[in-house]
Amino acid sequence: MYRLAGFGKMIADRGRLDAHAAALRRLVTPSSVVLDLGAGTGIMSLLACQAGARRVYAVEPSGAVQILAEAAAANGYADRVVVLERRSTDTTLPELADVIVSDLRGVLPPNDTHFSDIIDARARLLAPGGRLVPARDTLWAAVVSTPEAFDERRAVWQSRPHGLDLSSAQRFVDNGIQKHDARPEHLVSAPVQWASLDYPTLADTALRGAGACEIARAGTAHGLLVWFDTALVDDIGYSNAPGAREGMIYGQMLFGWPAPIALEAGDRVAFELRADPVGSDYVWTWTSEIEGQGRVSRFRQTTFEDFPRSAASLRRRLPGAAPALSAAGAEALEVLEGMRAGRTTGEIAARLFAAHPQRFRTVDEAHGRVAELVDRFGE
Ligand SMILES: C[S@@+](CC[C@H](N)C(=O)[O-])C[C@H]1O[C@@H](n2cnc3c(N)ncnc32)[C@H](O)[C@@H]1O
């Protein structure tokens, strides 16, 4: 969940903001209905009003969107903005949108439930012939030389603090990915396109692609650097390539290798990169085949192995497993049943406290637990 400072940084990325303002000016007419999907503090809603929209629905589950109501009034748009504090998947609109504007990406477009949320909103909330902003993302990869990022990721585990060997963490660390802000001179190959996303037709929530980079200058390489460019509408968009602009919110993602590799101009790096949705997040897998000077190095890495998984947790998830309800699960069920029975939050907390005096020191503590569940599952 973003803090206000996070939303502020997104607004401060002027390249991103100005491109959205231009895209909305291009698409919005005085009769337009706009859905601001994932409104945050509502900046895109205000830009849509500025572009002349008749009505803007700002949909956002975070309380941050409450800032919009006052901001809409302050800017003279109070009668055009409707704030809906909820997820888009829990939303129906009294009229379909002509334009859906969203930015649900993380560093890269495969992020949380971005793709399934867009597919859902496109099917249920967009008018026939309506437009999605962004329209298209193009994903790029290049081989990068970045000794600082390589060391930052591994150094502590190799540093033998107090003479202690911590190298058992290394194989997990080597499967991690990290946000990076590279400079153009860090790239040792030209970028290659490995995937593209066309939001008006997107159907698959997984993303897979491959490419081959030819090394342009000799250097020690540390992995693949990946970023996206976006086309919001037609020719209006922006790039997140290294050095593309000041104050860039996204940066790039580093898919590092487990070892630095010395490369010469003309060497070749072939790769496959995939993002597979698992629950409400993505598992990234990248394989690299590095050929040069008569040697071939091959690596296969996956964020599925970037942290030791609990064997018990993996067993419980198997289709044939029949896991019993834990004490915390039984407690959650009591709260949910209390909600279904129409009890007040206070009544549910009092019953929970009475039923589990060993788990809660006070009724207020039980109320805290109820509040969490009510926030998550209540309406
Ligand atoms: C990256 S922020 C973008 C904020 C703002 N629209 C902007 O562009 O500056 C993404 C926001 O989308 C919200 N969000 C994610 N999925 C959503 C969904 N399915 N429905 C509504 N909001 C969603 C998140 O809570 C977050 O505040």
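This briefing describes the strands, helices, salt bridges and one buried loop residue of the structure above. The model is predicted. Its parallel open sheet contains 5 strands, and helices α2 and α3 pack on that sheet. Further along the chain, strands β13, β14 and β15 are joined in antiparallel pairs. The count of salt bridges comes to 25.

**The parallel sheet**

- The open sheet is built from 5 strands in the order β3-β2-β1-β4-β5, with parallel pairing.
- Strands β3 (81-84) and β5 (126-133) occupy the edges; each has a single partner strand, so one side of each has no neighbour in the sheet.
- On average, and with direction ignored, neighbouring strands of this sheet are turned by 20 degrees against each other.
- Strand β1 (residues 33-37) pairs with strand β2 (residues 55-59) in the parallel sense, over 5 bridges.
- Within this part of the sheet, V34 is found opposite V56 of β2.
- As a general point, the strands of a sheet pair through backbone hydrogen bonds, in either a parallel or an antiparallel manner.

**Helices on the sheet**

- Helix α2 (residues 14-27) packs on the sheet and touches β4 (97-102) and β5. The direction of α2 makes about 175 degrees with that of β4.
- Helix α3 (residues 43-50) also packs on the sheet, where α3 touches β1, β2, β3 and β4. The direction of α3 makes about 175 degrees with that of β2.

**The contact of α1 with α2**

- The axes of helix α1 (residues 4-12) and α2 come within 5 Å and cross at roughly 70 degrees.
- The two helices, α1 and α2, are therefore roughly perpendicular to each other.
- On the α1 side, the contact is made by M10, I11 and A12; on the α2 side, by R14, R16 and L17.
- Sorted by class, the contact of α1 with α2 comprises 4 nonpolar and 2 charged residues, with no polar ones.

**Salt bridges**

- In general, side chains of opposite charge can pair when their charged atoms come close.
- R105 and D137 meet through their side chains in a salt bridge, at 2.9 Å from N to O. R105 belongs to the loop between β4 and α5 (114-124) and D137 to strand β6 (residues 136-144), so the pair ties together parts that are 32 residues apart in sequence.
- Both R105 and D137 are buried.
- R105 and D137 also belong to a network of salt bridges that links them with R16 and D103. R16 is one of the α2 residues that make the contact with α1.
- A salt bridge joins the side chains of D276 and R274, at 2.8 Å from N to O. D276 has 15% relative accessibility and therefore counts as buried, the cut-off being under 20%. R274, by contrast, is partly exposed, with a relative accessible area of 34%.
- The side chains of E372 and R369 form another salt bridge, at 3.0 Å from N to O. Both residues, E372 and R369, lie in helix α11 (residues 363-377), 3 residues apart, which is about one turn of the helix. R369 is partly exposed, with a relative accessible area of 22%.

**The antiparallel strands β13, β14 and β15**

- Strand β13 (residues 268-278) and strand β14 (residues 281-292) run antiparallel and are joined by 11 bridges.
- F271 has S288 of β14 as its bridge partner.
- The hairpin of β13 and β14 has 2 residues between the strands, and G279 there takes a positive phi near 60 degrees.
- Strand β14 is also joined to strand β15 (residues 295-302), by 8 bridges and in the antiparallel sense.
- E291 has V296 of β15 as its bridge partner.
- The hairpin of β14 and β15 likewise has 2 residues between the strands, and Q293 in this hairpin takes a positive phi near 55 degrees.

**The loop residue G42**

- G42 is located in the loop between β1 and α3.
- With 0% relative accessibility, G42 counts as buried.
- Leaving aside residues up to four places away in sequence, G42 touches D36 and L68.
- The C-alpha atoms of G42 and A69 are separated by 8.7 Å, while the two residues are 27 residues apart along the chain.

How values were computed: Residues are numbered from 1 along each chain as its sequence is written. This is a predicted model: local features need pLDDT of at least 70, side-chain atom pairs count only at pLDDT 80 or more; totals for chains, interfaces and linings use all residues. Side-chain values use heavy atoms; hydrogens and water are left out. Two strands pair if DSSP finds at least two bridges between them. Helices (H or I, at least four residues) and strands (E, at least two) are DSSP runs, numbered from the N terminus. Axes are lines fitted to C-alpha atoms, for helices over the stretch in contact, and angles run from 0 to 180 degrees between N-to-C directions. Contact means heavy atoms within 4.5 Å. A salt bridge is a side-chain nitrogen of Lys or Arg within 4 Å of a carboxyl oxygen of Asp or Glu. Buried means under 20% relative accessible area, exposed over 50%, partly exposed in between (1.4 Å probe, protein chains only). Angles under 35 degrees count as roughly parallel, over 145 as roughly antiparallel, 65 to 115 as roughly perpendicular and the rest as oblique. Ala, Val, Leu, Ile, Met, Phe, Trp, Tyr, Cys and Pro count as nonpolar, Asp, Glu, Lys and Arg as charged, and the others, Gly among them, as polar.
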